[in-house]
4 protein chains.
Amino acid sequence: MIHFNSDYLEGAHPAVLERLVSTNLEQTIGYGCDPYCDLAREKIRAACAAPEADVHFLVGGTQTNTTVIAAVLRPYQGVVSAVSGHINCHEAGAIESTGHKVIALPAENGKITARQVADYVEWHRNDESVEHIVYPGMVYISYPTEGGTLYTKAELTAMYNTCRKYGLYLFIDGARLGYGLTSDAADLTLPELARLCDVFYIGGTKVGALFGEAVVIMNPALKRDFRPMLKQRGGMLAKGRLLGLQFDALFTDDLYFRIARHANEMAYQVRDIFVSAGYPLLFDSPTNQQYPIMSDEELAILGKNFGYEYWERVDATHSGVRFASSWATTQKQVDALRNAVNALEK
Amino acid sequence: MIHFNSDYLEGAHPAVLERLVSTNLEQTIGYGCDPYCDLAREKIRAACAAPEADVHFLVGGTQTNTTVIAAVLRPYQGVVSAVSGHINCHEAGAIESTGHKVIALPAENGKITARQVADYVEWHRNDESVEHIVYPGMVYISYPTEGGTLYTKAELTAMYNTCRKYGLYLFIDGARLGYGLTSDAADLTLPELARLCDVFYIGGTKVGALFGEAVVIMNPALKRDFRPMLKQRGGMLAKGRLLGLQFDALFTDDLYFRIARHANEMAYQVRDIFVSAGYPLLFDSPTNQQYPIMSDEELAILGKNFGYEYWERVDATHSGVRFASSWATTQKQVDALRNAVNALEK
Amino acid sequence: MIHFNSDYLEGAHPAVLERLVSTNLEQTIGYGCDPYCDLAREKIRAACAAPEADVHFLVGGTQTNTTVIAAVLRPYQGVVSAVSGHINCHEAGAIESTGHKVIALPAENGKITARQVADYVEWHRNDESVEHIVYPGMVYISYPTEGGTLYTKAELTAMYNTCRKYGLYLFIDGARLGYGLTSDAADLTLPELARLCDVFYIGGTKVGALFGEAVVIMNPALKRDFRPMLKQRGGMLAKGRLLGLQFDALFTDDLYFRIARHANEMAYQVRDIFVSAGYPLLFDSPTNQQYPIMSDEELAILGKNFGYEYWERVDATHSGVRFASSWATTQKQVDALRNAVNALEK
Amino acid sequence: MIHFNSDYLEGAHPAVLERLVSTNLEQTIGYGCDPYCDLAREKIRAACAAPEADVHFLVGGTQTNTTVIAAVLRPYQGVVSAVSGHINCHEAGAIESTGHKVIALPAENGKITARQVADYVEWHRNDESVEHIVYPGMVYISYPTEGGTLYTKAELTAMYNTCRKYGLYLFIDGARLGYGLTSDAADLTLPELARLCDVFYIGGTKVGALFGEAVVIMNPALKRDFRPMLKQRGGMLAKGRLLGLQFDALFTDDLYFRIARHANEMAYQVRDIFVSAGYPLLFDSPTNQQYPIMSDEELAILGKNFGYEYWERVDATHSGVRFASSWATTQKQVDALRNAVNALEK
């Protein structure tokens, strides 16, 4: 059985794991104040060309989204998101549990536009009942999106400018950031992305770490007292160095980007397998998640030897599913998938 | 200037006010434990033919919705509502501020259906990611809805049965309950409505009281410790008798229903004014809120002498607006409106 | 039976009620945007000599405390209070329900000192685990306190200076503000008090109104977007004018202060009744709440004809109880009490 | 430099780490549904002699306490804790951030008694203002406590019976459970402890794991829908197997207890070092945390070569500090400490 269900099926990239093993018996102080965290922060700042940024390490994505959003918003504000955004769909109401509404806008190809945000803010401001309607306080987008798609530099610039114009903060969920930045379709560098938002995070869990997400706070107004927020929301790991060590490894010799690029290359082959075989795609994704639409019958056959994630029903006999690659995906696994899909066609 | 903006433009029905005046210097204990609250509770139970119901008095609608929903749901649950539901649109995120997502379903004529609720629950239960998606814990509907429309007895029965089947609670927002139950289109009595939900409230603020809403808890499972919830959410009025006195007056000699019926009769004339003059309606409302669609130019002219509530833009030159009647609306006011609208046509 | 249980046993001062009656059929817009609210705001600003202050009207005390505190604090901050503070004891966890810890300091005579606050902040700041401990964000005090006692001008000045020094906001709960400012022991005027805090409220419920509290925001940093907070927390009354009308009446011809002074004069007689008869007092209160300590036997006898509030057990056979006067207390009621207490002694 | 600051200074016990390394490239599904989590659950149930218990894995202690407490309490309820309890002191207001008050009772030697809990509940129930005071919904205790002390079987039995009598749930924070159960002073087994509470957790972070806490739900009433709570609170690790693998290793061949016992034996030597040298102790701890009181001068000297945690000031020139041992503490480290302390005395 070969699994393509997600990009968090294996443990950590061997170089990351080795760092944990080789330092295991060292004594360091806790809660992210150790030298390894400092080292990782420096490397991340350098990679972002953002020497003034604050960098914090958390364990997982829902925790990170919740903590950042709760730290930024005032109680009467909500967060604007694509209806398909992870915070709106798959975080079990974590954002609302901190008291904030997710203001969900219709998405196209997983994305929302600066125009939609501007229209929403204008509508809100001009409504007689403005005080009875949740105030938008920030915009949340994912890079790549939940459908694997990417905002272009122009789209992101427009979004950031709109946010600044209207006094909203822009937060980028980078759970799969590496897969986005190393995509053939990306027209953005990490330093450019960092400058086009107020706060974002660099996902480790899905890109080579055992676990871990690195929040990068670009806007000085958002830096104050983030650490007690972290602690309060259960996101301050006692052995904080585990996060520092992993990000130190990932940001040494471009490991983070090299393994993400590898995953994308595997994904392009996966896409080609399905497209060549005539299957349409749910999203036109240039990153590590591919979403072929197949008949339920074919899926049942394929499912005997290959794991995939069920995504959504398309019609009575067809469904869209996800095949995700990762740093750990091998050419052999992809070849096996190709053979199996080609066998289906006959 | 004659205002039809809403049904809370005046103070209280004179009979209600008189009760407050005549008892003003009496001494009673506070927090809803006085004899007037007890009396009102008895009359409400009798009107509902629900001798076992618990009755609690709150000051306003947002407070009531928030307190009931927060008292009923567990932290990981959300409340299902029409996208046009008051809790989703016009309560400034009050529900989310208690930690719960509003699960908004598309509405037709202000209403959602039992089928929609069943489909949502089935989809949720069968999704692989069920634990990552907010659990529906209750259904919230308004009677009448925010567009003035009414659920039929058959629709409400289907909704209640669906809720019971799936283990959801059904909560009816009755901010304008009187206007619903005395509508020409209503096929439900108060006792019938009470039996087709787990908890509902009888709106006073918009139907003759200075302020006040009476929550009626029908389902014994929801009765426990509602009073500390009330207190915690700032909804326990110190001089609780003010609420008891008002509801006592409203439920004496059917005052509540008589004044609501009067408002509906005024509203039917208002509807006729606009329909006769050829204006389409935004909602087909059989209750005290009427929503004609007019050109912005006509609205500007009419707005010089008549107050209405702007509702929504229909097209580049037309808008839907609300004309609401209340217990206080007079024939003379309606006649003036008729003359003004007829004058527009020429 | 004559009740001295509390200062909210009756309705409203007749002049207040008359305002509601005489305007009952007028049409005004809702939510506090009507001319009566504007008028009341102007009179309150004038009484506070604070032309720049923002004034908002709410219905009750718990709601007011919760809304103000939730509006001011960031999520990781708590509010410092006397252990005997109303928010710590008698609001059913309303503050915590908004996510904030009440940091309770030991109280003497119902009060905390600037020194205690400074010591707490210094301890917190210097603790190695500072990020693991709730950050103090504001100080809450009551004037008068829950024991009827008063901060002196010197004490309040020290507290305000300490708050400013450490970056905390100072909030004064004035549920019984009138009784404090008109006390023989008060060395503060309303304008002085207003200048010695960031935000406070003027209690109406317990000082002549049917209900209502007027929040006065002195610090410009706290003014932004208070109205959506109000709405979200269920504190925006639909018929907002009811609050405006009442405060307009109370701040016309010094009514608020005249009736508060009357209550204090009645209370001084009550105190004299008990002190002359040899009963010790739980608190040395110069305001409308008096707390004699009596034997349970005596209380049982007195309780046949007089209502009081049980406060706390003092020893196996004695308890402290509260006798509160109000604007409505009459000389005849006090005389009856004197006779009854004197009769006990024999 | 040798650190005794805490029991989370190193990584994981080598046997635990080896499990992560040897399985690193395996593919498993996420979120705690993998075979390793199942295996670990079985072993924990067996160790607890509780075949019906539900077992869930979380990452850290604050997250665990917050999730359990928020899952159990209703909104108007608070959690009773020793004033020195971790949730009251060192979790940055995490419990309050979920809406619940921590009802702090005075502690002796880090513990509260069944009598204190009973007295509090009785006082609350009998108070006239019961509905205005936070309802106690559960009791939280730590085993061992924050001072390293232990509840006896008799004390725990009394507490559990009191909780059952009054309808409170009992939750035991076992962040250092291993160090408690293997103490010379423990008169409880794990199965006995499990039966004397409704829910508890087995701490991994401080007892051999890289990170991880295992919640054991004994009371069937608390089992429902814990997983969406986990997800909502950011506590559902994507690569859940990391937790399963670690607890599987810890509960194989009694590793958890063997390494905890080792730490206690090191701690007894540490205690002896200080007691023999004439230093008093802040707590009489029979577990891995020892709290000598030393002069600030001595601490400064010792601090050059040994790390300890500052605990509290005792007088102008003396402080209590913590020396903690762990599974990783070596005889050589303890011997070095003995030499250093003995050298101080001269």
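A polar contact, as I use the term here, is a pair of N or O atoms within 3.5 Å, where within protein one must be able to donate a hydrogen and the other to accept it. The model I am reading is a predicted one, and I keep that in mind throughout these entries.

**Entry: C:S97**

With that cut-off in hand I went to C:S97, where a polar atom of the side chain lies 2.7 Å from the backbone oxygen of C:A94. I then looked up where the residue sits, and found C:S97 in helix α5 of chain C, which covers residues 94–97.

Is C:S97 buried or exposed? The relative accessibility of C:S97 is 15%, and since buried means under 20% relative accessible area, I enter C:S97 as buried.

I next asked which residues C:S97 is in contact with once its neighbours within four places in sequence are left aside. The list I obtained holds B:Q232, B:R233, C:R233 and D:G99, and I note that chains B, C and D appear in it.

**Entry: how chain C relates to chain A**

I noted beforehand that two copies of a chain are related by a rotation about an axis and a shift along it. For chain C laid on chain A, I read a turn of 180° with a shift of 0.0 Å along the axis, and the RMSD of the superposition is 0.0 Å. The two copies are thus related as by a two-fold rotation axis.

Which residue of chain C comes closest to that rotation axis? It is C:R74, whose C-alpha lies at 3.8 Å from the axis.

I also checked whether the two copies use matching surfaces, and 100% of the interface residues of chain C are also interface residues in chain A, so the copies meet through the same surface.

**Entry: the interface of chain C and chain A**

I counted 19 residues from chain C and 19 residues from chain A in this contact. The area buried between chain C and chain A is about 1900 Å², and carbon and sulfur atoms account for 49% of that area. On the chain C side, I find that C:Y76, C:E131 and C:H132 lose the most area to chain A, and that together they give 31% of what that side buries.

For the polar side of this interface, I recorded 2 salt bridges between chain C and chain A. One of them joins the side chains of A:R227 and C:E131, with 2.7 Å from N to O, and I note that C:E131 is also among the residues that lose the most area to chain A. The rule further finds 8 residue pairs in polar contact across the interface of chain C and chain A, both residues of each pair being at pLDDT 80 or more.

I then asked which elements give two or more residues to the side of chain C that touches chain A. They are α3 (61–72) and α10 (226–232) of chain C, and the largest share, 5 residues, comes from α10(C). Divided by class, the residues of this side are 9 nonpolar, 4 polar and 6 charged.

**Entry: the interface of chain A and chain D**

Turning to chain A and chain D, I found 43 residues of chain A in contact with 43 residues of chain D. About 3700 Å² is buried between chain A and chain D, with carbon and sulfur atoms giving 56% of it. I recorded 0 salt bridges between chain A and chain D, whereas 24 residue pairs, with both residues at pLDDT 80 or more, are in polar contact across this interface.

The elements of chain A that give two or more residues to the side touching chain D are β1 (2–3), α1 (14–22), α3 (61–72), α5 (94–97), α10 (226–232) and α11 (241–250). By class I have 22 nonpolar, 14 polar and 7 charged residues on the side of chain A that touches chain D.

**Entry: backbone geometry**

I opened this entry with a reminder that most residues other than glycine have a negative phi, and that most peptide bonds are trans.

A:A92 has a positive phi of about 55° although it is not a glycine. I located A:A92 in the loop between α4 (86–89) and α5 of chain A, and with a relative accessible area of 2% A:A92 is buried. B:Y31 likewise has a positive phi, of about 65°, and is not a glycine; I found B:Y31 in the loop between α1 (14–22) and α2 (35–48) of chain B.

Where does B:P144 lie? I found B:P144 in the loop between β5 (135–142) and α7 (153–166) of chain B, and the peptide bond from B:Y143 to B:P144 is cis, with omega near -5°. In chain C, the peptide bond from C:Y143 to C:P144 is cis as well, with omega near -5°, and C:P144 lies in the loop between β5 (135–142) and α7 (153–166) of chain C.

Technical notes: Residues numbered from 1 in each chain as written. Chains lettered and ligands numbered in written order. Predicted model: local features only at pLDDT ≥ 70, side-chain atom pairs only at ≥ 80, totals over all residues. Heavy atoms only, no water. Least-squares fit on C-alpha atoms with pLDDT ≥ 70 in both. Contact = heavy atoms within 4.5 Å. Buried area = accessible area lost by both parts, 1.4 Å probe. Salt bridge = Lys/Arg side-chain N within 4 Å of Asp/Glu carboxyl O. Helix = DSSP H or I, 4+ residues; strand = E, 2+ residues; numbered from the N terminus. Nonpolar A, V, L, I, M, F, W, Y, C, P; charged D, E, K, R; others polar. Buried < 20%, exposed > 50% of the residue type's maximum accessible area, 1.4 Å probe, protein only.
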